[in-house]
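I opened this one to jot down what I could look up in it. Notes follow in the order I took them.

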Amino acid sequence: SNYMFSRYPVFKAAAEDLQNAEAKFDALIGVGDIAENGLSVEYQLVYDGIGGLDTRYIMAVGNHDIRLRIYEQSKNTFSHFVNTLNGDDSFDSFSYAERVNGYKVIVLGSDKSVFEESYLSDAQLEWLDSELKAEKGKPVFVVIHQPLKNTHNIEEAWNSPFEGAGSVGDQSIALKAIMSKYQNVFFITGHLHSGFGPDSYNNVDGIHSINLPSFSVKNATGTYNNPGTGYILEIYEDEVIFRARDYAKGVWVAEETGDSSYDLVIPVVK
């Protein structure tokens, strides 16, 4: 945000941790709500922090990125941001697929402006089905801002009396049905402002559902709820590891807490 100044020191410290990393990342993935109000000046602040890495930037749109403006205007602003990060003009849709070091990353995005949820058209869901089918059981990573209904303890994290609030919305059942047809689907979301803890990972009808903590805002729930946190994703032939890191402090959460359960080690089904 360009006016919520308390967030910036955390973001700046976390961004410096990424910039100072000794390893090269194949990609940097963001799961939406990049900007509080979808403003160009807010995206510029993000670019100033994380731009310039020798990596591929894969960004999903969140409700905050699009909800206050005309949909096409929001798409143009977001596209300019992502294309500036990547130094090309390949981003032109909120839903797209990229192959990173042999593995497919599928990004889903709302087909219209909705205040809290996403709207996934039938065409987008059919496209997702075809993209998953093509991988033939190889690990694939599906990224969208909002989680599925009835997952990750949404009721406590979102604290709403309305059923399904905090989730992807009306297409949640259809989305789950498509992903559950295939093996080794890793579904990566955010939105809940829920820190690391028991609710970070759910197995949902065979789908590996991972919910990320908020990056610049203190998380409302979770047992490690500091801001400035996220995962380093490592993919191996027999397992996928989501290694929890406190970027703002520059430490691995397992080392900081003495608790290795914050790291997710998920076997690959052969």
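What share of the contacts with a separation of 6 or more comes from residues 24 or more positions apart? I get 66% for the protein. I note here that I am working with a predicted model.

**Overall look**

I went through the secondary structure and found eight helices and twelve strands in the protein. Next I checked the radius of gyration: it is 17 Å, and since a compact globule with 270 residues would be near 18 Å, the two agree. The box around the C-alpha atoms, taken along the principal axes, is roughly 45 × 45 × 40 Å.

I then looked at burial, and 53% of the 270 residues count as buried. For the accessible surface I have about 12400 Å², with 49% of that belonging to carbon and sulfur atoms. I also looked up the charges: there are 21 positive and 38 negative ones, and their mean positions sit 3 Å apart.

**Helix α2**

Which residues of helix α2 are buried? Within residues 40-50 I list Glu42, Tyr43, Val46, Gly49 and Ile50. Looking down the axis of α2, I see these buried residues fall within an arc of 120°, so they line one face of the helix. That fits the general pattern: an α-helix has 3.6 residues a turn, so residues three or four places apart point the same way.

What covers that face? I find that the cover over the buried residues of α2 includes helices α1 (8-19), α3 (63-66) and α4 (71-86), along with strands β1 (27-30) and β2 (56-59). I also checked what comes after the helix: α2 is followed by Gly52, and the phi of Gly52 is positive, near 90°.

**Positive phi outside glycine**

I stopped at Asp33, which is not a glycine but has a positive phi near 55°. Asp33 is in the loop between β1 and α2. Is Asp33 buried, exposed or partly exposed? At 23% relative accessibility I put it down as partly exposed, because buried would need a value under 20%.

His152 is another entry of this kind, with a positive phi of about 55° although it is not a glycine. I place His152 in the loop between β5 and α6. With 2% relative accessibility, His152 counts as buried.

**Thr151, in that loop**

Since I was there, I looked at Thr151, which also lies in the loop between β5 (140-143) and α6 (154-158). Thr151 counts as buried, at 2% relative accessibility. What does Thr151 touch, leaving aside neighbours within four places in sequence? I find contacts with Asn202 and Val204.

**His208**

His208 took me to strand β8, residues 207-211. I have His208 as buried, because its relative accessible area is 8%. Leaving aside neighbours within four places in sequence, I wrote down its contacts as Val185, Phe186, Phe187, Tyr201, Asn202, Asn203, Ile266 and Pro267. Asn202 is thus in my notes both as a contact of His208 and as a contact of Thr151.

**Gly137**

Where is Gly137? I find it in the loop between α5 and β5. Gly137 counts as partly exposed, with 24% relative accessibility. Not counting residues up to four places away in sequence, Gly137 touches Gln183 and Asn184. I also took the C-alpha separation from Gly137 to Val185: 8.1 Å, for two residues 48 apart along the chain. Val185 had already come up among the contacts of His208.

**Asp122**

Asp122 lies in helix α5, which covers residues 122-135. Buried or exposed? I have Asp122 as exposed, at 58% relative accessibility. C-alpha to C-alpha, Asp122 and Gln171 are 9.1 Å apart in space, and 49 residues apart in sequence.

**Val265**

My last stop was Val265, in strand β12 (residues 264-267). At 48% relative accessibility, Val265 counts as partly exposed; exposed would need over 50%. Setting aside neighbours within four places in sequence, I see Val265 in contact with Glu239, Val240 and Ile241. I checked Tyr236 too: it is 29 residues from Val265 in sequence and 11 Å away in space, C-alpha to C-alpha.

How values were computed:
Residues are numbered from 1 along each chain as its sequence is written. This is a predicted model: local features need pLDDT of at least 70, side-chain atom pairs count only at pLDDT 80 or more; totals for chains, interfaces and linings use all residues. Side-chain values use heavy atoms; hydrogens and water are left out. Buried means under 20% relative accessible area, exposed over 50%, partly exposed in between (1.4 Å probe, protein chains only). Helices (H or I, at least four residues) and strands (E, at least two) are DSSP runs, numbered from the N terminus. The arc is that of the directions from the helix axis to the C-beta atoms. Contact means heavy atoms within 4.5 Å. The radius of gyration is taken over C-alpha atoms; the globule rule is 2.2 Å times the number of residues to the power 0.38. Accessible areas come from the Shrake-Rupley method with a 1.4 Å probe; for residues, only the protein chains shown count as cover. Lys and Arg count as positive and Asp and Glu as negative; His and the chain ends are not counted. The place of a charge is taken as NZ of Lys, CZ of Arg, CG of Asp or CD of Glu.
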